[in-house]
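Subject: Structure for your files

Dear colleague,

Please find the structure below, followed by notes on what was found in it.

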Amino acid sequence: MQVSSLNEVKIYSLSAGRSLPEWLSDRKKRALQKKDVDIRRRIELIQDFEMPTVSTKIKVSRDGQYIMAVGTYKPRIRCFDTYQLSQKFERCLDSEVVTFEILSDDYSKIVFLQCGRFVEFHSQHGHYYRTRIPKFGRDFSYHYPSCDLYFVGASSEVYRLNLEQGRFLNSLQTEAAESNVCDINPVHFLFALGTAEGKVECWDPRTRTRVGLLDCALSSVTADTEIEGLPSISALKFHGALNVAVGTSTGQVLLYDLRSSNPLIVKDHRYGLPIKSIQFQPELDLILSADSRIIKMWNKDTGKIFTSMEPEHDINDVCLYPNSGMLMTANEAPKMNIYYIPVLGPAPKWCSFLDNLTEELEENPESTVYDDYKFVTRKDLENLGLAHLIGSSLLRAYMHGFFMDIRLYHKARMMANPFAYEEYRREKIRQKIEETRAQRVQLKKLPKVNKELALKLIEEESEEQQATRKRKQKNLPSLLKDDRFKVMFENPDFQVDEQSEEFRLLNPLVSKISEKRKRKLKVLEELEAQEQEEEEEAEGKASDAESSESSDDEKGWVEEVRKQRKLLRQEEKLKRKERSKEDQQTVLEPQFFEIKEGEEFRSFKDSAKKQKLMKKTLGDRLKLEEKLGTLNVSDTTVGSKQATFKLKKSEQQRKQQEAEKRHRQERKSLRRSANHLKSKPGRGRLFR
């Protein structure tokens with residue numbers, strides 16, 4: 001039995017584990033159970049609860065005794081008796097089943113809608129009757145008061161088959177081109193169908209008229225959703241007299257109140273897959289919506305996720321066992337899954353032992369496989385001196401490291417670091433001392449960096465607190481406690497330089513104002529030193545260093561600014577003198593410049609000419625280019641300007657072109673001399 005937990009909701013998978021083949025004898029099964037631990041620990045709640053290949057639909061009878069499932073291949077139905085925990089019967093069919101409905105309280109009356117437009121009726125003994133509908137059907141619902149079956153499918157009509165009279169009645173004409181799903185309200189028997197255009201039409205079976213229309217495609221598109229194409233209705237389920245849940249083909253679930261055209265809540269599965277099934281759990285006000293990948297349980301009032309399940313195989317249908325916490329799924333696999341969620345409700349009476357079993361598991365949680373192993377990286381192995389074990393059976397490679405036995409790890413760690421226990425003991429003692437210190441009267445501990453700034457902030461904070469108490473306002477958060485400014489009081493790179501020119505000009509009175517803070521800092525440092533030496537609580541009165549000083553007037557502020565400027569000028573003069581001395585001592589050395597190959601050195605005046613040329617306007621430069629002959633501007637017949645120009649060539653390119661020119665002339669002269677010799681008789685042999 002596999003246990004998973006999400007949002008502190010435990011989910012027990014009762015069908016996890018391997019299943020034994022039917023053709024094995026009892027003796028071989030017992031032998032396998034002795035050898036294999038997984039087979040011995042598995043729980044087979046219902047014997048052979050599976051299909052040959054795929055299961056498509058699963059339902060529970062109203063009395064809760066029978067579970068019926070359809071699947072392939074070959075197309076068949078299997079009925080399981082919960083009282084006997086085994087299969088009741090199996091019937092093969094001619095074509096695959098689209099959906100089916102149990103009309104009676106037990107398995108005695110069943111209706112199947114099949115792929116080939118067939119509607120097949122089964123009684124307790126087996127096949128009873130078979131008929132066809134005009135178009136391919138996709139879903140149907142049974143109206144109990146009138147004994148009518150309503151079929152929807154690849155048509156705009158809703159076909160009605162009366163089981164009491166045994167004939168088809170006049171069909172309902174809808175505005176939709178096709179319909180996918182339908183459902184009938186169990187309270188007031190309102191008939192609703194979901195169309196391929198993303199609308200839900202509601203009909204009154206008594207008057208056979210449409211009484212309402214919901215445009216779900218428009219309501220399902222919100223600011224957060226990303227859809228491709230028009231959403232169609234893929235699932236529909238009534239709850240009570242007023243609520244209806246609608247699932248779309250793009251993965252949204254909409255909860256409506258029939259009195260309003262706007263949805264109460266829109267829940268997106270975020271997978272873009274069609275919603276296959278919707279179930280209601282009234283005890284906890286939950287909605288269970290499932291697509292082919294995931295089953296989500298969420299609160300119908302808030303939309304908050306309660307828990308979710310992702311089976312190994314794709315989901316085709318979901319069935320919630322009534323008045324219990326059991327959940328069954330039909331999958332794209334032979335085995336049909338059974339889940340038990342104790343939070344949703346108790347176990348059914350035919351498997352009440354599950355409650356005791358899950359309680360024992362919660363009291364005695366089993367250790368996982370990885371509890372006996374330690375994950376180590378290659379660096380950890382090198383530190384422990386076990387790098388030579390890589391590739392051996394003692395290490396199992398996993399991701400970016402290895403799994404090793406926890407006992408081997410502890411032994412190697414003790415050998416590599418024999419004083420690890422002493423370090424651990426010291427750390428524990430230090431933690432205990434810090435805990436006892438926290439209970440004492442705490443002094444104001446200032447940070448190591450920017451102590452004066454921290455003291456200033458503390459004083460301002462105390463003043464603000466007194467002011468806010470009088471005004472009855474909320475206190476603002478302190479910068480010392482804010483994580484965004486934590487580095488300013490920890491990293492020395494953020495230390496305020498009070499001797500810098502900018503700081504002294506911006507804060508001219510900092511020398512006088514900071515005297516009081518410096519005295520306080522000295523007192524606090526002395527108290528901290530005493531606490532560290534004695535490790536006892538510092539007792540005594542507050543220091544008398546706080547002396548009330550009157551605030552400076554404007555004249556004092558101006559004088560202080562002048563003093564600071566004079567000091568700055570004097571410092572600048574001293575720096576200039578030092579620089580001049582350094583310049584006199586330094587000896588200038590000649591600088592050498594390297595010229596590229598193929599270039600000739602003319603003078604430094606060329607760069608000056610280029611700079612002057614770049615400073616001129618575009619018009620002046622064009623005029624200069626026209627004078628030199630490198631640019632020619634002319635008017636065209638259309639009225640526009642045409643400019644032709646020649647690229648300036650470097651000295652190397654010019655030399656290369658001259659060499660090519662000479663080479664061409666030499667080749668021409670050789671050809672002429674050869675032709676001249678050919679024309680004279682007797683001398684042409686040399687060139688044959």
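The protein chain has 14 helices and 34 strands; helices (H or I, at least four residues) and strands (E, at least two) are DSSP runs, numbered from the N terminus. This is a predicted model, in which local features need pLDDT of at least 70 and side-chain atom pairs count only at pLDDT 80 or more, while totals for chains, interfaces and linings use all residues. Residues are numbered from 1 along each chain as its sequence is written, and side-chain values use heavy atoms, with hydrogens and water left out.

Of the 688 residues in the protein chain, 33% count as buried. Buried means under 20% relative accessible area, exposed over 50%, and partly exposed in between (1.4 Å probe, protein chains only). The accessible surface of the protein chain is about 47100 Å², and 49% of that belongs to carbon and sulfur atoms; areas come from the Shrake-Rupley method with a 1.4 Å probe, and for residues only the protein chains shown count as cover. Taking contacts between residues at least 6 apart in sequence, 45% join residues at least 24 apart, where contact means heavy atoms within 4.5 Å.

Salt bridges come next. The whole structure contains 14 of them, a salt bridge being a side-chain nitrogen of Lys or Arg within 4 Å of a carboxyl oxygen of Asp or Glu. One of them pairs R62 with D105 at 3.0 Å, N to O. R62 sits in the loop between β3 (54–60) and β4 (66–72) and D105 in the loop between β7 (97–102) and β8 (110–114), so the pair ties together parts that are 43 residues apart in sequence. R62 is partly exposed at 47% relative accessibility, and D105 is partly exposed at 45%.

R259 and D257 also form a salt bridge, at 2.9 Å, N to O. Here R259 is exposed at 65% relative accessibility, whereas D257 is buried at 13%. A further salt bridge joins R407 and D405 at 3.2 Å, N to O; R407 is exposed at 61% and D405 is partly exposed at 24%. In addition, R76, R78 and E90 are joined into one network by salt bridges that share partners.

On the surface, R562, K563, R565, K566, R569, K573, K575, R576, K577, R579 and K581 form a positive patch. Patches are made of residues with over 30% relative accessible area and no salt bridge, with like charges joined within 9 Å and nonpolar side chains (Val, Leu, Ile, Met, Phe, Trp, Tyr) within 5 Å. Lys and Arg count as positive and Asp and Glu as negative, without His and the chain ends; the place of a charge is NZ of Lys, CZ of Arg, CG of Asp or CD of Glu. R579 belongs to helix α11 (residues 554–585) and is exposed, with a relative accessible area of 53%.

Three single residues remain.

- T195 is in strand β16 (residues 191–195) and is buried at 1% relative accessible area. Beyond its neighbours within four places in sequence, T195 contacts A176, E178, S179, N180, E201, S232 and I233.
- P342 is in the loop between β29 (337–340) and α4 (353–363) and is partly exposed at 28%. Not counting residues up to four places away in sequence, P342 touches K10 and Y12.
- K486 is in the loop between α8 (451–471) and α9 (501–506) and is partly exposed at 40%. The C-alpha atoms of K486 and P447 are 10.0 Å apart, with their positions 39 residues apart along the chain.

Regards
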